[in-house]
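Trainee: I've just opened this model and would like to talk through its sheet and its surface. Can we start with the terms?

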Amino acid sequence: RVLRREQRAGGVSVQTLWWCPSGLTVAQCKGSQASQPPIMRSLALALSAVGAHALAPSSPHRVLAVGETLFDSLPNGVYLGGAPLNVAVHCSQLGAVASYASAVGDDQLGRDARRRLETAGVDTTLIQTRAELETGFVTCIIDACGDATYEIAHPSAWDDIHAEPALLSAARSFDACVH
């Protein structure tokens, strides 16, 4: 679950999103740094050092999406995906300056993911390469009743996104961070 808290600081609305594991109440999760994945705790610290700021209406919003890069193998084809990746692409299509932070393998799928994101106008400089891991891959199997079963290849490169200094430094320049 993703929880949202909105605060006003100096006339600027600041929204904080955090992850709450299933089974915990909202009260148990609120304010708990332990409820955030390690990469998001690191980014939250980097972003909190900057403080809130407003953009001029003519400036495009700068969005950083952080998360899984994977290919979905569906009965009708193989598709690049991952929720944060899709957010970065759609933000770019809507005119935002979109950057994507993830990890891919040093393989053909990883190179293809970078190429496709660049073609879509998404900055890929924060995508890390993990030579020892493969780019994420999910196989969808549809049974006779039409129900789907997903086989997720583990481990995958995106399971090993590091809070590298370049990522933490760059995170300070974004208006929004999506995970």
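Mentor: Sure. Two strands count as paired if DSSP finds at least two bridges between them. Keep in mind that this is a predicted model.

Trainee: Okay, what is the strand order in the open sheet of four strands?

Mentor: The pairing in this sheet is parallel. Strand 7 (123-130) and strand 10 (176-178) each pair on one side only, which puts them at the edges. Neighbouring strands are turned by 15° against each other on average, direction ignored. Reading across, the order is 7-6-3-10.

Trainee: Which residue in strand 6 is the bridge partner of Arg62?

Mentor: Strand 3 covers residues 62-66 and pairs with strand 6, residues 97-105, in the parallel sense over five bridges. Arg62 has its bridge partner in strand 6, and that is Val97.

Trainee: What about the helices: at about what angle does helix 4 run to strand 7?

Mentor: Let's take helix 3 (residues 83-93) beforehand: it lies across strand 3, strand 6 and strand 10, at about 150° to strand 6. Helix 4 (residues 108-119) lies across strand 6 and strand 7. Its angle to strand 7 is about 175°.

Trainee: Now the surface. Is Tyr150 buried or exposed?

Mentor: Tyr150 sits in strand 9 (residues 148-152). Together with Leu74, Tyr79 and Ile152, Tyr150 makes a nonpolar surface patch of about 390 Å². The cut-off for exposed is over 50% relative accessible area. Tyr150 has 52%, so the label is exposed.

Terms used
Residues are numbered from 1 along each chain as its sequence is written. This is a predicted model: local features need pLDDT of at least 70, side-chain atom pairs count only at pLDDT 80 or more; totals for chains, interfaces and linings use all residues. Side-chain values use heavy atoms; hydrogens and water are left out. Helices (H or I, at least four residues) and strands (E, at least two) are DSSP runs, numbered from the N terminus. Axes are lines fitted to C-alpha atoms, for helices over the stretch in contact, and angles run from 0 to 180 degrees between N-to-C directions. Contact means heavy atoms within 4.5 Å. Patches are made of residues with over 30% relative accessible area and no salt bridge: like charges are joined within 9 Å, nonpolar side chains (Val, Leu, Ile, Met, Phe, Trp, Tyr) within 5 Å. Accessible areas come from the Shrake-Rupley method with a 1.4 Å probe; for residues, only the protein chains shown count as cover. A salt bridge is a side-chain nitrogen of Lys or Arg within 4 Å of a carboxyl oxygen of Asp or Glu. Buried means under 20% relative accessible area, exposed over 50%, partly exposed in between (1.4 Å probe, protein chains only).
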